[in-house]
Amino acid sequence: MASFKGDNVNALEASKEARIPDPKRLLEGYFRSSATLNYIRALTSGGFADLHNAENWELDFIKDVKLREAYEKITKRLLSSLDFLRVCGGANQSTTDRVEFFTSHEGLVLDYEEAMTKKDAVPCTKSTKEQPEEAKNVEFFNMGAHFLWIGNRTRQLDGAHVEYFRGLANPIGIKVGPKMPPDELIKLIKALDSKNEAGKITLITRFGYKNVSKVLPKLLSAVNKEGLKVNWICDPCHGQTRATKDGLKTRDFSEILQELQITADIHKENGSRLNGVHFEMTGEDVTECVGGPQELLDHDLHAKYTSACDPRLNYAQSMEMSFRLAKLLE
């Protein structure tokens with residue numbers, strides 16, 4: 001029986017028939033993705049992302065009364081700041097009632113990614129005698145996402161994924177695990193961005209909270225020494241994955257928070273900047289990660305464990321993480 005390769009390829013059901021790759025699944029996946037994007041566009045343009053609605057955020061899941069009061073103060077400060085900006089003319093309604101969103105995924109199944117890759121003409125950034133201002137370069141773009149990343153298991157310098165990614169004009173992410181040697185990281189960055197273009201490469205660190213202090217400073221030093229223009233993102237989820245006694249994959253909320261905190265501190269100590277975070281979360285009330293405001297334990301996970309792949313933070317855990325992140329950035 002073949003392995004489950006994801007819903008775009010075959011089915012999760014454990015049978016030989018279900019695991020046969022079905023090309024119709026690619027079409028179904030494309031349709032579902034397009035429909036989801038259209039739905040998000042409708043929500044964001046219809047006021048769903050309006051920061052003025054912060055007072056309606058559900059905070060009842062927070063059991064600690066003092067903590068809930070602290071988070072309510074954050075929302076009140078946010079609303080007060082928005083009112084101040086409005087009065088001073090610093091922000092109009094159109095800039096605070098919606099968000100600009102982008103899509104991203106791991107470029108894993110190269111057959112699919114290649115099918116989504118198209119040539120497109122882009123204006124030259126600089127004009128020269130040989131190349132007038134109106135001239136355009138023809139470059140390859142992956143049209144399936146704005147931003148793609150290479151996984152920690154497929155980043156071999158002589159591998160097919162690096163060969164594919166180095167030909168893309170899209171911004172590119174690189175998952176960086178605890179076993180990544182500094183010299184290999186430098187070679188990988190240069191292979192994917194020979195022009196050292198600002199914004200082209202984003203390094204997504206995923207070490208596990210116990211490894212951050214040992215690994216991150218060395219990588220920061222190597223990148224800074226080479227003068228490479230990269231962005232840094234922390235993925236505090238993947239390094240904490242473990243299995244329960246019942247065989248369920250899970251993550252601990254407190255460990256996720258620890259990796260995020262340690263990573264931010266090390267960037268600050270080294271004169272660097274943490275540019276973003278990468279979480280796996282859902283707005284549903286699932287029980288896949290332990291800890292958080294609901295204080296979930298291993299034996300609680302069976303209540304509503306729906307993921308076929310990685311465990312996700314649920315709504316309550318995601319909201320608390322966002323407030324903790326806000327405090328971290330103060």
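Reader: Why does Lys190 count as partly exposed?

Author: In this predicted model, the relative accessibility of Lys190 is 38%. Buried needs under 20% and exposed needs over 50%. Since 38% falls in between, Lys190 gets the label partly exposed.

Reader: And what makes Glu226 partly exposed?

Author: It's the reasoning we just used: the relative accessible area of Glu226 is 39%, and partly exposed is what lies between the 20% and 50% cut-offs.

Reader: Why is the pairing of Glu226 with Lys190 called a salt bridge?

Author: The label asks for a side-chain nitrogen of Lys or Arg within 4 Å of a carboxyl oxygen of Asp or Glu. Glu226 and Lys190 bring their closest N and O atoms to 2.9 Å apart, so the pair passes the test. Glu226 belongs to helix 7 (residues 212-226) and Lys190 to helix 6 (residues 182-192), so this salt bridge ties together parts that are 36 residues apart in sequence.

Reader: How many salt bridges turn up in the whole structure?

Author: The search finds 11. Another one joins the side chains of Arg32 and Glu28, with an N to O distance of 2.7 Å.

Reader: What separates Arg32 and Glu28 along helix 1?

Author: About one helical turn, because they sit four residues apart in helix 1 (residues 24-45). Here's the background: an α-helix has 3.6 residues a turn, so residues three or four places apart point the same way.

Reader: Are Arg32 and Glu28 buried or exposed?

Author: Arg32 has 52% relative accessibility, and the cut-off for exposed is over 50%, so Arg32 counts as exposed. Glu28 has a relative accessible area of 37%, which makes Glu28 partly exposed.

Reader: How do you know that Glu288 and Arg312 form a salt bridge?

Author: Check the distance again: the closest N and O atoms of Glu288 and Arg312 are 2.8 Å apart, and the limit is 4 Å. Both residues are in the loop between strand 10 (276-277) and helix 9 (315-328), yet they are 24 residues apart in sequence, so the salt bridge ties those parts together. Glu288 is buried, because its relative accessibility is 0% and the bar is under 20%.

Reader: Which residues are joined into one network by salt bridges?

Author: Lys249, Arg251, Glu280 and Asp310, through salt bridges that share partners.

Reader: Back to helix 6. What makes its buried residues line one face?

Author: Start with who they are: Leu185, Ile186, Leu188, Ile189 and Leu192 are buried in helix 6. Looking down the helix axis, you'd find these buried residues within an arc of 165°, so they line one face. They pack against several elements, including strand 4 (147-150), helix 5 (160-165) and helix 7.

Reader: Why is His278 called buried if its value isn't zero?

Author: Buried doesn't require zero; it requires under 20%. His278 has a relative accessible area of 16%, so the label fits. His278 is in the loop between strand 10 and helix 9. Leaving out residues up to four places away in sequence, the residues that His278 touches include Trp149, Lys175, Ile204 and Asp235.

Reader: What is notable about the phi of Asn196?

Author: Phi of Asn196 is near 55°, a positive value in a residue other than glycine. Asn196 is found in the loop between helix 6 and strand 6 (201-205). Asn196 counts as partly exposed because its relative accessibility is 23%, and buried would need under 20%.

Reader: And what about the phi of Glu295?

Author: Phi of Glu295 is also positive, near 55°. This residue lies in the loop between strand 10 and helix 9. At 55% relative accessibility, Glu295 clears the over 50% cut-off, so Glu295 counts as exposed.

Reader: Last one: which residues are closest to the centre of the second largest pocket?

Author: That pocket holds about 240 Å³ of space. Of its 11 lining residues, Ala264, Lys268, Leu274, Leu328 and Leu329 are closest to the centre. Helix 8 (residues 253-269) gives the most to the lining, with five residues. Sorted by class, the lining has four nonpolar, three polar and four charged residues.

Methods
Residues numbered from 1 in each chain as written. Predicted model: local features only at pLDDT ≥ 70, side-chain atom pairs only at ≥ 80, totals over all residues. Heavy atoms only, no water. Helix = DSSP H or I, 4+ residues; strand = E, 2+ residues; numbered from the N terminus. Buried < 20%, exposed > 50% of the residue type's maximum accessible area, 1.4 Å probe, protein only. 1 Å grid on protein atoms, 1.4 Å probe; cavity = no way out; pocket = protein on both sides within 12 Å on 5 of 7 lines; lining within 4 Å. Points joined across faces, edges and corners; volume = space filled by probe spheres on them. Nonpolar A, V, L, I, M, F, W, Y, C, P; charged D, E, K, R; others polar. Arc of directions from axis to C-beta. Contact = heavy atoms within 4.5 Å.
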